Amino acid sequence: MEEIGRRSAIALGLAAAATPALVLPRAAMARKYGPDEGEELAPGVRVIELSQRDAIIPGYKTVKMVDVVFQPGSHAPQEVMENDWVCNLTEGALRIVLGGEELRLKTDDVYTCAKGATEESWNDGDTVAVMRAIGLISA
């Protein structure tokens with residue numbers, strides 16, 4: 001068997017060490033927001049606009065992404081959805097009443113809201129909750 005030179009061994013070791021970073025998926029990191037970032041929707045509930053662009057999905061004009069940050073003990077009053085939304089809880093836990101049905105969401109849960117549906121949300125926990133919402137704005 002041939003001997004491996006020191007440089008070859010080091011290069012092989014570095015390549016092997018880097019392989020998991022290329023192959024293994026990483027969980028998305030939740031952003032940390034200051035208490036005054038974004039716009040206040042209700043006491044302890046703030047919305048931070050992240051991105052917006054034209055949509056290429058038929059029937060929609062724009063796609064918009066926001067983070068809604070809920071401080072512990074906060075409550076967002078019932079509202080009627082003006083657009084379709086896909087929502088993902090990136091941090092914490094929320095209790096949501098969506099169209100009369102109660103959902104208990106934890107980190108990484110996803111749900112949808114249809115235009116015209118009602119939603120009301122509570123952070124009953126003792127940590128911040130962050131909901132990433134992607135809105136599909138009708139044409």
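## Terms and basis

Contact here means heavy atoms within 4.5 Å. The structure is a predicted model, in which local features need pLDDT of at least 70 and side-chain atom pairs count only at pLDDT 80 or more, while totals for chains, interfaces and linings use all residues. Residues are numbered from 1 along each chain as its sequence is written, and side-chain values use heavy atoms, with hydrogens and water left out.

## Chain overview

The protein chain has one helix and ten strands (DSSP runs numbered from the N terminus: helices are H or I of at least four residues, strands E of at least two). Starting at the N terminus, the order of elements is α-β-β-β-β-β-β-β-β-β-β.

Of the 139 residues in the protein chain, 30% are buried (under 20% relative accessible area, with a 1.4 Å probe and protein chains only). Among contacts between residues at least 6 apart in sequence, 62% join residues at least 24 apart. The exposed area of the protein chain is about 9500 Å², and carbon and sulfur atoms supply 56% of it (Shrake-Rupley method, 1.4 Å probe).

## The open sheet

An open sheet is formed by six strands in the order 1-2-3-10-5-8, with antiparallel pairing (two strands pair if DSSP finds at least two bridges between them). Strand 1 (39-42) and strand 8 (110-113) are at the edges; each has a single partner strand, so one side of each lacks a neighbour in the sheet. From one strand to the next, the twist averages 30 degrees (axes are lines fitted to C-alpha atoms, and angles run from 0 to 180 degrees between N-to-C directions).

Strand 1 and strand 2 (residues 45-54) run antiparallel and are joined by three bridges. Opposite Ala-42 stands Val-45 in strand 2.

## Nonpolar core

The largest nonpolar core (buried Ala, Val, Leu, Ile, Met, Phe, Trp, Tyr and Cys residues joined through side-chain atoms within 4.5 Å) has 20 residues, of which Phe-70, Tyr-111 and Met-131 touch the most other members. At least two residues of this core come from each of strand 2, strand 3 (60-70), strand 5 (84-91), strand 6 (93-98), strand 8 and strand 10 (129-138).

Beyond its neighbours within four places in sequence, Phe-70 is in contact with residues including Val-45, Leu-94, Val-128 and Met-131.

## Ser-74

Ser-74 lies in the loop between strand 3 and strand 4 (75-80) and is buried, with a relative accessible area of 5%. A polar atom of the Ser-74 side chain lies 2.6 Å from the backbone oxygen of Gln-71. Not counting residues up to four places away in sequence, Ser-74 touches Pro-43, Gly-44, Val-45, Ser-121, Trp-122 and Asn-123.

Conventions. Buried means under 20% relative accessible area, exposed over 50%, partly exposed in between (1.4 Å probe, protein chains only). A polar contact is a pair of N or O atoms within 3.5 Å; within protein, one must be able to donate a hydrogen and the other to accept it, and residues adjacent in sequence count only if both atoms are side-chain atoms.
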